[in-house]
Amino acid sequence: MYSFEVERPTSVADAAAALGKDEAQALGGGQTLIPTLKQRLASPSVLVSLAGIADIKGVSVDGGTVTIGGGTTHGVVAAEAGAYPALAALAGNIGDPAVRNRGTIGGSLANNDPSACYPSAALASGATIVTNSREIAADDYFQGLFETALEEGEIVISVKFPIPEAASYQKFEQPASRFALVGVYVAKFADGVRVAVTGASEGGVYRWSEAEAALSGNFSADALDGLTVSGDDMISDLHGSGDYRAHLVKVMTKRAVAAAS
Amino acid sequence: MDKFGKSQPVKRVEDIRLLVGQGRYVDDIAPVDALHAYVFRSPVAHARITELDVRDAVDVPGVHAVITASDLDKAGLDTGMAFSSAPMRDGSKAPRPKRPILAEDRVRFVGEAVAVIIAEDLNAAKDASELIVFDYDELPVHMALQTGGPALHAEVPDNCAFDYGLGDEVATAKAFETAAHVVKLDVSDNRVIVNSLEPRGCFAEVVEGRLHLSFGGQGVWGMKGELARVLHLDPADIRVTNPDVGGGFGMKGMAYPEYFVTAFAARQLGRPIRWMSDRTEAMLSDNAGRDLTSCAEMAFDENHRILGYRLHTLSNLGAYNSQFAQMIQSHLFSRVLTGVYDIPAAYMRCEGIYTNTTQVDAYRGAGRPEAIYLIERVMDRAAREFGIDPQALRRINFIRPDQFPYPTIPGETYDVGDFDRVLTRAETEADLAGFDGRRAVSKAHGKLRGIGLCYYIESILGAPDEDVKVDFTDDGGAIIYVGTQSNGQGHETVFAQFLADQTGIPVDRIEVVQGDSDQIERGGGTGGSRSVTVQTNVTLLAVANMVSGFAGFLAEQAGVDAADVSFDDESFRITGSNVTPTMLEVAQMAREAGRSDLLTWKATAKLPGRSFPNGAHFCEVEIDPATGATHVEKYTVVDDFGNLINPMLAEGQVHGGVAQGLGQALSERVVFDDEGQLLTATFMDYAMPRADTMPMIRFETEAVPSTTNPMGMKGCGEAGTVGAMAAVANAVQDALWAHGVKQADMPFTPQRVWEMLKDAGHKP
Ligand SMILES: Cc1cc2nc3c(=O)[nH]c(=O)nc-3n(C[C@H](O)[C@H](O)[C@H](O)COP(=O)(O)OP(=O)(O)OC[C@H]3O[C@@H](n4cnc5c(N)ncnc54)[C@H](O)[C@@H]3O)c2cc1C
């Protein structure tokens with residue numbers, strides 16, 4: 001690690017101000033950032049910890065929407081987002097207890113790791129990412145591997161998830177990291193089905209529109225039978241080739257539909 | 001086996017200490033004022049060094065020194081690391097390319113130590129390391145496990161380190177000529193990273209003019225000898241200690257460059273120095289395990305009796321010869337070459353290959369798991385090709401009980417065994433009869449189920465001799481000094497328990513001392529599943545001496561004949577007297593009588609012969625054909641470990657051993673890219689087995705006591721690993737065979753299993 005200063009603001013405004021400084025960076029649960037710092041792969045001069053901001057923590061339900069504070073840990077989401085069971089289940093299967101007790105949804109969405117779980121939930125649910133300056137629809141938010149619509153210093157305050165009629169996240173774990181080798185999130189709404197895939201594509205999390213079309217007409221695993229997924233633009237690494245990932249996209253989508261129906 | 005220990009499942013006395021964070025591992029006990037050592041390692045796999053300039057690094061505040069090969073050279077050190085050479089099959093001597101402590105003109109693998117920075121703290125050392133000017137011309141790398149390719153060492157142009165042979169090549173060839181069936185199989189045995197929970201580390205200090213090196217190791221005496229050689233010191237001026245050690249598995253049995261440089265720096269700077277590896281560093285620099293491929297052939301007659309067995313192995317050594325590397329897939333492998341079978345003719349050939357990778361050396365079982373993995377894969381394949389039951393084929397070929405002592409082709413003598421009895425017990429414990437039903441249930445869930453057997457045999461290795469010393473202390477207790485070394489196995493418990501059983505001294509009055517070359521003159525350390533057998537063997541001798549010494553003393557005191565004094569494991573009895581003193585009481589009497597000669601007992605003993613633990617592992621796997629995910633559903637072990645001192649600790653050894661075998665079979669896998677960069681350099685990519693990987697293990701023993709040591713013991717430390725790999729692989733093969741997969745090789749990662757099915761045309 002290189003040395004850095006730490007600031008611990010207690011309000012979003014103070015955090016935003018602190019993040020305005022040169023080479024400042026937000027620190028959520030540190031589950032991604034701290035290992036990066038330890039390996040000396042990043043050298044922020046100021047870390048602005050969001051952990052002390054009560055306003056961005058917690059889960060609330062309002063009608064058909066679950067709102068999760070950007071600083072809410074995976075463990076809290078797993079325990080308290082019961083109004084949206086598929087989301088709570090996803091959170092409860094991220095990493096291990098130590099990771100879930102520190103890692104936050106804001107950190108996960110800001111980081112947008114191509115193998116992370118939350119991005120698929122946000123995209124499939126048609127969630128809205130609320131920052132200190134604006135609201136961003138999930139469809140506009142995810143912009144590729146580790147890329148999002150967030151501006152420098154912008155803070156994820158909360159995430160609003162419309163609660164679907166039925167949903168399921170099926171994660172096929174990468175054997176070592178247990179992130180998603182391929183994860184598929186299926187959400188069925190009154191006006192159609194959304195399917196988001198994580199772990200697979202070189203472009204990061206994406207919506208599988210053919211599957212959405214097929215499932216919107218017939219919400220059953222069989223509806224996917226005729227579809228094929230190409231391995232061409234899929235991630236290929238030591239844990240899985242592009243073809244293997246493409247194959248798993250369909251398998252996991254079917255399983256998600258079966259689990260949600 | 002009452003006489004030689006009460007075979008109690010005593011709980012480990014060291015556990016509380018280790019579990020509540022009060023273990024004293026090397027990084028916990030380094031002197032507070034120690035400087036930190038940090039190793040600058042090669043970022044490339046093969047290059048000629050054109051410039052190594054550390055001047056800017058030395059100038060970083062807090063940095064005391066930056067040590068390179070030229071500093072070691074200038075100080076006159078013997079800078080070549082020690083290693084043993086495997087005998088060549090043509091009787092010639094293979095070249096012995098130097099393994100420098102720090103890279104000299106070339107680097108040969110990613111992670112090779114190039115320079116060591118000594119600084120007030122680790123951050124300063126890391127800052128300095130970024131300022132080292134290291135320029136090089138890259139050289140083509142040799143990554144393939146085959147001879148030829150770009151040469152790593154000028155004196156070995158074809159990268160073949162050795163070419164070892166054992167057995168009768170001509171007789172074996174004849175057996176193949178007359179065979180009714182020949183089964184041939186290419187089998188690879190994937191490289192694994194050992195990943196001890198505690199990585200390697202050490203500290204060195206100079207105390208009253210003597211060098212003290214403390215390191216996480218498997219014994220202190222080998223390291224002491226090496227330090228004396230490399231640093232040109234009188235061994236009397238060196239103390240080496242091993243504190244608590246968090247797992248060694250063979251990997252920590254060897255000397256490593258960091259220990260020498262740390263010791264050198266401590267002497268040079270007159271300050272204590274500490275070094276601790278981080279995880280990625282461990283993955284890059286710890287000796288790896290396995291990494292071989294073999295072509296094996298078995299010849300059978302028309303009744304499926306084995307006529308001959310031959311194999312040709314290529315063993316990856318990595319870039320340099322680690323201390324015992326050449327011996328692993330050659331000599332040690334050969335100890336159990338023919339497994340549990342009565343094989344009239346066999347021949348093995350093994351070539352060692354240099355590649356631009358980290359060194360490979362001993363890993364739990366060291367050669368024996370590899371040999372058993374191979375022969376048990378071949379037996380399984382043969383049974384499938386013949387269309388007969390795999391257990392039946394083994395029974396046809398087992399060495400029969402009436403054939404013991406059985407001389408084997410590699411020159412071992414198996415003392416006893418009853419393989420059929422052990423297998424029969426295992427079939428029952430594993431509920432073989434219910435397998436078809438379980439397979440049908442799996443099928444109903446869309447899963448493929450398979451069952452696999454490995455019947456392994458293991459040869460207890462390591463030095464057969466050991467010393468012991470027992471001191472009766474002034475505070476009324478006893479200290480036992482042992483020459484073995486716990487790496488977490490529970491030696492403190494077992495050695496105290498054994499001495500207590502033999503002498504009646506309460507276990508809580510016995511202290512076990514290990515791992516200190518000043519307190520213990522010599523010893524064999526831990527390795528080869530030797531510890532309990534060799535240490536209790538010599539303890540028995542010391543106890544016998546102690547009993548007769550004390551009996552003589554009591555006789556003298558009581559004015560009776562020595563023959564009138566007896567000892568019953570608890571107390572002494574004297575004919576015609578109703579005093580029945582305990583061992584500790586007699587020691588006290590001796591102390592009061594000024595007989596200090598009776599308060600220290602030393603003994604040295606050599607095992608009369610090796611013992612051969614053996615047993616059957618049955619593994620059942622379930623495979624999801626849609627994803628390739630493989631899960632072990634049921635696991636049964638029936639071992640013949642002979643007599644056990646502490647069955648609970650033996651079972652623990654089997655659990656751990658099975659976990660390591662399962663890990664290698666299912667997920668552990670080292671991957672380098674084409675340039676020799678390690679891709680599996682963190683736990684994000686290197687998949688260790690975890691709790692949910694592990695099945696519940698059914699463990700039973702079927703003892704056929706060894707006849708080559710007085711306790712009838714056989715050793716259990718490595719057996720779990722030896723049995724597990726082939727059991728898993730044969731189970732996976734069983735699940736896949738009917739679906740067209742005729743060759744299933746470890747590691748069974750989901751993608752690999754899915755591909756096997758796909759390539760065989762399986763449609764889920
Ligand atoms: C062992 C392990 C296993 C894991 N397994 C999984 C898994 O299975 N699935 C999965 O999805 N993830 C997994 N993770 C990642 C985990 O979910 C992290 O918590 C998450 O990726 C980052 O969240 P964090 O709060 O820790 O963010 P940090 O590490 O603190 O920060 C990550 C990035 O986000 C920024 N940031 C943090 N909070 C905010 C915010 N509110 N607004 C804007 N920017 C912010 C930081 O500046 C930084 O760039 C795992 C991590 C570990 C260590």
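In the predicted model, a helix-helix contact in chain B brings B:M379, B:D380, B:A382, B:A383 and B:F386 of α11(B) together with B:P390, B:L393 and B:R394 of α12(B). By class, the residues of this contact comprise 6 nonpolar and 2 charged, with no polar residue among them. Helix α11 of chain B spans residues 368-386, and helix α12 of chain B spans residues 390-397. Their axes come within 9 Å and cross at roughly 115 degrees. Because angles of 65 to 115 degrees count as roughly perpendicular, α11(B) is described as roughly perpendicular to α12(B). The crossing of α11(B) past α12(B) is right-handed.

Chain B also touches chain A. To this contact chain B contributes 15 residues and chain A contributes 12 residues. On the side of chain B that touches chain A, the element giving the most is helix α20 (residues 750-759) of chain B, which supplies 3 residues. That side of chain B is made up of 9 nonpolar, 4 polar and 2 charged residues.

In chain A, the UniProt annotation "domain: FAD-binding PCMH-type", taken from an unreviewed entry, covers residues 1-166. Over residues 1-166 of chain A, helix accounts for 31% of the chain and strand for 21%. The end C-alpha atoms of this stretch of chain A lie 45 Å apart.

Chain A further contains an open sheet of 4 strands, arranged in the order β9-β10-β11-β12 with antiparallel pairing. The edge strands of this sheet are β9 (166-173) and β12 (206-207) of chain A, each of which pairs on one side only. Strand β9(A) is joined by 8 bridges to strand β10 (residues 180-189) of chain A, and the two run antiparallel. Within chain A, A:K171 stands opposite A:G183 in β10(A).

Two helices of chain A pack on this sheet. Helix α9 (residues 209-217) of chain A touches β11 (192-198) and β12 of chain A, and the direction of α9 makes about 150 degrees with that of β11(A). Helix α10 (residues 242-260) of chain A touches β9, β10 and β11 of chain A. The direction of helix α10 of chain A makes about 40 degrees with that of β10(A). Strand β11 of chain A is thus touched by helix α9 and by helix α10, whereas the edge strand β12 of chain A is among the strands touched by helix α9.

Terms used. Residues are numbered from 1 along each chain as its sequence is written. Chains are lettered from A and ligands numbered from 1 in the order in which they are written. This is a predicted model: local features need pLDDT of at least 70, side-chain atom pairs count only at pLDDT 80 or more; totals for chains, interfaces and linings use all residues. Two strands pair if DSSP finds at least two bridges between them. Two residues are in contact if their C-beta atoms, placed from the backbone, lie within 7 Å. Axes are lines fitted to C-alpha atoms, for helices over the stretch in contact, and angles run from 0 to 180 degrees between N-to-C directions. UniProt positions are given in the numbering used here, feature names are shortened, and annotations may be inferred rather than shown by experiment. Angles under 35 degrees count as roughly parallel, over 145 as roughly antiparallel, 65 to 115 as roughly perpendicular and the rest as oblique. A crossing is left-handed if the near helix is turned anticlockwise from the far one by less than a right angle, and right-handed if clockwise. Ala, Val, Leu, Ile, Met, Phe, Trp, Tyr, Cys and Pro count as nonpolar, Asp, Glu, Lys and Arg as charged, and the others, Gly among them, as polar.
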